Amino acid sequence: MGILLSKSRQNENGFDTISQYLFSVTGLPKKFDREEENAGLRHNLIRELFNGNFSSPIRDKLNDGGLMVLDVGCGFGTWLFDMSSDFKDCQYVGVDKTPQQFIANKPKNVEFVTADVTDGLPFNDESFDFIHIRNLVFDLRDKQWDSLVQECVRILKPGGYIEITETEMPTKSAGPNMDKLGKKMRNFLIERKISILIVNRIGDIMKSNNLQNIVHDERCFPLGTWDSSFRKAFQTFNLEVLRTSLIRFGGSKNIDSELSNLIAEANKYRSYFSVHRFFSQKI
Ligand SMILES: C[S@@+](CC[C@H](N)C(=O)[O-])C[C@H]1O[C@@H](n2cnc3c(N)ncnc32)[C@H](O)[C@@H]1O
């Protein structure tokens, strides 16, 4: 068993999606479905953590309809599809560099555009009311975040909101084994110049682009199964993340026993990682 990285979907960092390098395990007959399933689980989890698909104060306007909403690095379009069914009278655009992720059977109010967002956003100035970015932490280098936010501000209408939800890499309250695994993973990313602590800079990047009313929210994503309030689906997701991390970075042949040890340790130490959400307004 090993990680499957399809060449066509690799970027210069060696991978292009969290699902690819964390979830794509060779030998599984329905790799693509599985990736999509995990993206769906992750989407549900983040929505659960933050009590909703977004935190910007735009619910009334979305309900009124007529807004243009953009999801940058939209992946399978999970967030867009959810939003487009909650607020049917708005228009949604997803931009991603990987066109094969765009499913054919999409809602009428969703469009997809294929583009590499590090080359700029292929949209006119002041064309969107709400821009959403989530889970690009494994894909962008430090400076690319600055130019991406700058581009978002350019295409955002005055009064519009930008919202970014990203994970903080190092696991908190990690036990020794989790710490070891996390270090290997972090080194892998750092070698590729991925900005694993971008959450520490997002607020400043927003400020330096003259965005106003910046709000930062942080939520705890428990690892292992120690948080009994967590639903079973989310525990499944955790196990999947840890299993695939072990396959990629653990180096042991006995993944099952290593996984049990890791879960036991995460439960003992009550390990977790933080998910951060920032939103701000263009005045
Ligand atoms: C981990 S997935 C997140 C998907 C989605 N935002 C979500 O939260 O479910 C990262 C996505 O960003 C896309 N991506 C990465 N780098 C990109 C780039 N430079 N330009 C456009 N899309 C990119 C990948 O193709 C992938 O679909």
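# Strands, helices and cores in a predicted model

Colleague: How many residues of strand 1 are buried?

Modeller: In this predicted model, strand 1, which spans residues 68-72, is mostly covered, with 4 of its 5 residues buried.

Colleague: And which strands does strand 1 pair with?

Modeller: Strand 1 pairs with strand 2, residues 91-96, in the parallel sense over 5 bridges, and 4 bridges join strand 1 to strand 4, residues 128-134, which also runs parallel to it. As for individual positions, Val 72 stands opposite Val 95 in strand 2, while Val 69 has Phe 130 in strand 4 as its bridge partner.

Colleague: What do strand 1, helix 4 and strand 2 make?

Modeller: They make a right-handed β-α-β unit, in which helix 4 covers residues 78-86.

Colleague: Back to Val 72, then: what does it touch?

Modeller: Leaving aside residues up to four places away in sequence, Val 72 touches Val 95, Val 117, Leu 121, Ile 131, His 132, Ile 133, Arg 134, Leu 136 and Leu 148. Val 72 also belongs to the largest nonpolar core, which has 59 residues, and it is listed with Leu 70, Leu 121 and Leu 148 as the members that touch the most others.

Colleague: What lies apart from that core?

Modeller: Another core, of 18 residues, lies apart from it, and among its members are Phe 54, Met 83, Phe 112 and Tyr 161. As a general background, nonpolar side chains in soluble globular proteins tend to be buried together.

Colleague: Leu 148 came up twice; which residues of helix 5 are buried?

Modeller: Helix 5 runs over residues 142-155, and its buried residues are Trp 145, Leu 148, Val 149, Glu 151, Cys 152, Val 153 and Ile 155. These buried residues pack against strand 1, strand 4, strand 5 and helix 7, the last of these being residues 202-208.

Colleague: Why call strand 5 largely enclosed?

Modeller: Because 9 of the 12 residues of strand 5 are buried, the strand is largely enclosed by the rest of the structure. Strand 5 covers residues 156-167, and it is joined to strand 4 by 6 bridges, with the two strands running parallel. Within that pairing, His 132 stands opposite Glu 163 in strand 5, and strand 4, helix 5 and strand 5 together make a right-handed β-α-β unit.

Colleague: In which sense do strand 5 and strand 7 pair, parallel or antiparallel?

Modeller: They pair in the antiparallel sense, over 7 bridges, and the bridge partner of Tyr 161 in strand 7 is Gln 281. Tyr 161 is also among the members of the core of 18 residues.

Colleague: Changing topic, what is the span of helix 9?

Modeller: Helix 9, residues 255-269, has 15 residues and reaches 21 Å from its first C-alpha to its last, which is close to the 21 Å expected at 1.5 Å a residue.

Colleague: Which of its residues are buried, and where do they sit around the axis of helix 9?

Modeller: Ile 255, Leu 259, Leu 262, Ile 263, Glu 265 and Ala 266 are the buried residues in helix 9, and they cover an arc of only 165° around the axis, which puts them on the same side of the helix. In general, an α-helix has 3.6 residues a turn, so residues three or four places apart point the same way.

Colleague: What about phi just after helix 9?

Modeller: Arg 270, just after helix 9, takes a positive phi of about 55°, although it is not a glycine. Arg 270 lies in the loop between helix 9 and strand 7, which covers residues 272-281, and at 47% relative accessibility Arg 270 counts as partly exposed.

Colleague: And Asn 51, where is that, and is it buried or exposed?

Modeller: Asn 51 lies in the loop between helix 2, residues 31-49, and helix 3, residues 59-64, and it is exposed, with a relative accessible area of 67%. Its phi is near 55°, a positive value in a residue other than glycine.

Colleague: Finally, how many helices and strands does the chain have?

Modeller: The chain has 9 helices and 7 strands, and buried residues make up 54% of its 283 residues. Among contacts between residues at least 6 apart in sequence, 73% join residues at least 24 apart.

Definitions and conventions. Residues are numbered from 1 along each chain as its sequence is written. This is a predicted model: local features need pLDDT of at least 70, side-chain atom pairs count only at pLDDT 80 or more; totals for chains, interfaces and linings use all residues. Side-chain values use heavy atoms; hydrogens and water are left out. The expected span of a helix is 1.5 Å times one less than its number of residues. Buried means under 20% relative accessible area, exposed over 50%, partly exposed in between (1.4 Å probe, protein chains only). The arc is that of the directions from the helix axis to the C-beta atoms. Two strands pair if DSSP finds at least two bridges between them. A crossover is right-handed if, with the strands pointing away from the viewer, the path from the first strand over the helix to the second runs clockwise. A nonpolar core is a set of buried Ala, Val, Leu, Ile, Met, Phe, Trp, Tyr and Cys residues joined through side-chain atoms within 4.5 Å. Contact means heavy atoms within 4.5 Å.
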